[in-house]
Protein chains: 2
Amino acid sequence: MMEGKLLISQMIERAEKLFPKKEVISRTSSGIHRFTYQQIGERTRRLSSALENLGVERGDKVATLAWNDHRHLEAYFAIPGMGAVLHTINIRLSAEHIIHIINHAEDKVLLVDPMFLPILEGIKDHIPTVRAFVVMTDDDELPDTPLTPVYSYEDLLLEANPDYEFVKDLDENDPAGMCFTSATTGKPKGVVYSHRGITLHSLSLGLADSGAVSESDVVMPVVPMFHANAWGLPFASTWFGSTQVMPGPLFTPELLAELITTEKVTSTAGVPTIWLGLLKELDANKDRYDMSSLRAVLCGGSAAPMGMIRAFEEKYNIPFIHAYGMTETTPLVTLSRLKSYQEDLSTEEKLEIRAKQGSVVPGLEIKAINDEGEIEWNGKDMGELLVRGPWIADEYYNDERTEGAFKDGWLYTGDIVTIDQEGTIKITDRTKDLVKSGGEWISTIDLENAIMAHDAVFEAAVVGVPHPEWQERPVAAVVIKPDENVEKEELLDYLKPQFAKWWIPDDIIFMDELPKTSVGKFQKNALREKLQEHLV
Amino acid sequence: MMEGKLLISQMIERAEKLFPKKEVISRTSSGIHRFTYQQIGERTRRLSSALENLGVERGDKVATLAWNDHRHLEAYFAIPGMGAVLHTINIRLSAEHIIHIINHAEDKVLLVDPMFLPILEGIKDHIPTVRAFVVMTDDDELPDTPLTPVYSYEDLLLEANPDYEFVKDLDENDPAGMCFTSATTGKPKGVVYSHRGITLHSLSLGLADSGAVSESDVVMPVVPMFHANAWGLPFASTWFGSTQVMPGPLFTPELLAELITTEKVTSTAGVPTIWLGLLKELDANKDRYDMSSLRAVLCGGSAAPMGMIRAFEEKYNIPFIHAYGMTETTPLVTLSRLKSYQEDLSTEEKLEIRAKQGSVVPGLEIKAINDEGEIEWNGKDMGELLVRGPWIADEYYNDERTEGAFKDGWLYTGDIVTIDQEGTIKITDRTKDLVKSGGEWISTIDLENAIMAHDAVFEAAVVGVPHPEWQERPVAAVVIKPDENVEKEELLDYLKPQFAKWWIPDDIIFMDELPKTSVGKFQKNALREKLQEHLV
């Protein structure tokens, strides 16, 4: 067989050749813009050429600080297309962490949305590897900025070569992209994606039983393009010729509902918070929108509450697909779809399956282990999920924390799961959050979900607290809804029928708000810290 | 990224783990049998183990002479799963050619359906590399045969290891399969498939806009498993958990219609002759069958006549998908699906698109060249189709004819095509059949289709015949239907409005039958030979 290297450039080349008239609809700070793949292709080639003119060489890192728009899409292809490495910076990281990752990656050029210039201006004296700033602006004039040298993206494109030929003498294992995890503790860890990994991931995402990305789709990735490749959708959608809708900066639920309605979006992807917001908007202004084009709402990042899945499916008839992955996995690992013979189950049984994270996509392998070895696939035993395959990272970039997560050829995800007989995984906890009580494991997520299902509860977090007899026992921190009231004993009584006796928290503490990370996850380490002596 | 080798064993392993209850329905000479993937998986492991016990080593060729049934499916996974090479022998080849390919491949073990024992018995003294014959029979007793040593497939399985572990320390570029082309002249040419090639082919075949092979599918490959991997369907269907229906030996249109009806087949694949037969059966006994489960009839091997596509779509509401490939291409290269914006075209315009061979699937590249270089994608210019990519052969196995077909990193397909602006290819001829008249190219296939559309014509072949002035001119050989009649002048008048003047054949010759190859294609070289002096 021919070598037929798996390079990312083939994706944009196919879009140019087979889908020149299909569109990318891009919302930027100046409004909605429409580009054909022919235009995007030419602009991508110009961007590669422009970066080359700026001195970017093969293997160099070029970073983006940007929302989801057409220029970010061009960067997705132009940077790996010239043999450089696309480093998507999470603009929600602290300035300190942004400094760290720019230096750690040794970024040479930064492509930046005008609204993020203040971030860079604040750290400009601490990022010595950066040789040029390129402002992704629609305006003719560059904003005033002390950054130097600074260029206008559009001006660079104007002067660049529209017929730039993408570099083909790469190895398919060469780095194409890079992303840092938003760690809850310590510095962000870097993950490097290869051309091969991203290409295979795109194929798996396009499978009929996976993302089923199709030419007939109108795909709107709401998940930011700085989060694990926007789950790979910009790559797959371009390769397979889908129309793409890029929602741009600071979007609202109202804006998303409008875009779905006007652009007839068929497939969209984001974290539960986004869909919770969309649901509220639909409930409030149902008549204003038309959701009938949607064939899939992909949801990942954290577990979607059952009630939300139910609302999408039953109230709005929108198929809801739960997925699981992480920065280290490009990211798609599992995806929840019913098997054909599960279609006959009751609505409740089906919802329960869809609320799980699904089964492993073709190309990867999973297993889960606990202290006794590999767990059985019985839907009960809990173990840490391990993943391996061609789009799974095998290290953190120049980071000694590699050895904690990558062992014996497997990625240790740090997620505790059960796996049922159908191969469907259910995330029950993070390894570090799991309560280990007298040798048994207690899932804090299961407890939290149960507590949060109580009408009076706004949010809840459960942590393991040191205990003289049982090593650890669960304690719940609960925030009550405004104008609601509930006593500790009432809540405990509410939980008792749902769990084994030894799962019930030793205490419930009421708080005004829970500590959270920059991306809105419960900051359990802070809570544990606070409750260190609570049960002694 | 992890290496994550692309090995075929992952497909059957996934079916065992995720789809243990799903079924393979297999028709053998003794009737219909049903096996779950759990059973198929265990039997596959036993077969690997049994072959190991017979002395098969990594890299050895193990050949099959078999129809489409569960044992052949097991061989598809057991042989590459142990690091050996699956050589599927086309049982329609002449004895002389079968001797040649067994010796050329140096097959070590032959797996054979009982009905093909006579073939092997006739050539047994000419295949010295073969060390064992395994009879794939349902019967307890082996048939009497002079072949030696001879084993019963089922007996070997009984004694073998059900927990055999597939070999993982292979290179993904290692050979996994082998198939010989049924050449019209000369000896068959061998093509070797790699694990990587077959795996990537399976992913591309599973994409939503390609074969869209899904767990919810009931896939019936009618194309024989000795023809280019049954177009890759057994691999993809197993990997993605589809139910499979194997139609077994000597099936009839009636049997196929029955299987589609009773097993609710959703997707099937075969050559035009098969579908012509099915159409006739449906026309004759419509009420006996239910075709409503079918979502795709994949058709390849040669061009399907427009009338047949129309009948499937309009009369029976069965979506008909034209595809193109060859033994050298694993085989999928192009597949005809309408783009979303083509759905608004008229029925006739859509049929015309579907009658073409479609556009290139993700992962491959095509172009077409003629004497002046690469042709434009304008739907008019003709050129030889070139293909490259990771599941395209780069040589014929130990064969000096390699250099004729593989040049500059491309496979020269020998097919003359036009490519339109949408990237849709249309096969207009074989390079060797094309008529080159005064520097212009004339498609014999277009002429033949036009002549065969005449009510009185049963079949027709057009060949280029040496001409003193124009180098070559087309001459048509025509077989008239029984009880019909048509004169040469009438036929020529019928053609004139449809073609440029210089395309019209210089002569039409009426024959009782046309010379054909073993697989039913017109043997144009014999016809050309005969007409050598016709226009001098």
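A residue is called buried here when its relative accessible area is under 20%, and because B:Ala304 has a relative accessibility of 7%, it counts as buried. That residue belongs to a predicted model, and B:Ala304 is found in the loop of chain B that runs between β13 (296-299) and α11 (306-315). Setting aside neighbours within four places in sequence, the contacts of B:Ala304 are with B:Pro272, B:Cys299, B:Ile309, B:Phe320 and B:His322. Although B:Lys521 lies 217 residues away from B:Ala304 along the chain, the C-alpha atoms of the two are separated by 13 Å.

Before going further, it helps to look at the confidence of the prediction. Chain A has an average pLDDT of 95, and 99% of its residues score at least 70, while for the complex the predictor reports an ipTM of 0.93 and a pTM of 0.93. Where pLDDT is low, predicted coordinates should not be read in detail.

Helix α9 of chain B, which spans residues 253-263, has as its buried residues B:Leu255, B:Leu256, B:Ala257, B:Leu259, B:Ile260 and B:Glu263. These buried residues of α9(B) pack against the strands β1 (23-28), β2 (31-36), β10 (218-221) and β11 (243-246), and also against helix α10 (272-284), of chain B. Just after α9(B) comes B:Lys264, whose phi is positive, at about 55°.

The nonpolar cores give another view of the interior. In soluble globular proteins, nonpolar side chains tend to be buried together. The largest nonpolar core holds 191 residues, and the members that touch the most others are A:Leu51 and B:Leu51. Apart from neighbours within four places in sequence, A:Leu51 is in contact with A:Val56, A:Val62, A:Ile79, A:Met82, A:Val109 and A:Leu111. There is also a second, separate core of 31 residues, among them A:Leu259, A:Leu294, A:Tyr316 and A:Leu351.

From the cores we turn to the place where the chains meet. Chain B and chain A each bring 59 residues to their contact, and the area buried between them is about 4300 Å², with carbon and sulfur atoms giving 59% of that area. On the side of chain B, the residues that lose the most area to chain A are B:Met1, B:Met2 and B:Leu18, which together account for 21% of what that side buries.

The interface also has a polar part, in which four salt bridges are counted between chain B and chain A. In one salt bridge the side chain of A:Arg196 meets that of B:Glu172, with 2.8 Å from N to O, and across the interface 24 residue pairs are found in polar contact. Elements of chain B that each supply at least two residues to the side touching chain A include α1 (9-18), β9 (190-194), α8 (233-240) and β21 (410-419), but α7(B) gives the most to that side, with five residues.

A last residue to examine is B:Lys339, found in the loop between β15 (332-335) and α12 (347-354) of chain B. Is this lysine, B:Lys339, buried or exposed? B:Lys339 counts as buried, because its relative accessibility is 7%. The side chain of B:Lys339 reaches the backbone oxygen of A:Leu18 at 2.5 Å. With neighbours within four places in sequence left aside, B:Lys339 is in contact with A:Leu18, A:Phe19 and A:Glu215 of chain A and with B:Glu422 of chain B.

How values were computed. Residues are numbered from 1 along each chain as its sequence is written. Chains are lettered from A and ligands numbered from 1 in the order in which they are written. This is a predicted model: local features need pLDDT of at least 70, side-chain atom pairs count only at pLDDT 80 or more; totals for chains, interfaces and linings use all residues. Side-chain values use heavy atoms; hydrogens and water are left out. pLDDT is the predictor's confidence in each residue, from 0 to 100. Helices (H or I, at least four residues) and strands (E, at least two) are DSSP runs, numbered from the N terminus. Buried means under 20% relative accessible area, exposed over 50%, partly exposed in between (1.4 Å probe, protein chains only). A polar contact is a pair of N or O atoms within 3.5 Å; within protein, one must be able to donate a hydrogen and the other to accept it, and residues adjacent in sequence count only if both atoms are side-chain atoms. Contact means heavy atoms within 4.5 Å. A nonpolar core is a set of buried Ala, Val, Leu, Ile, Met, Phe, Trp, Tyr and Cys residues joined through side-chain atoms within 4.5 Å. Buried area is the accessible area (1.4 Å probe) that two parts lose on being put together, summed over both.
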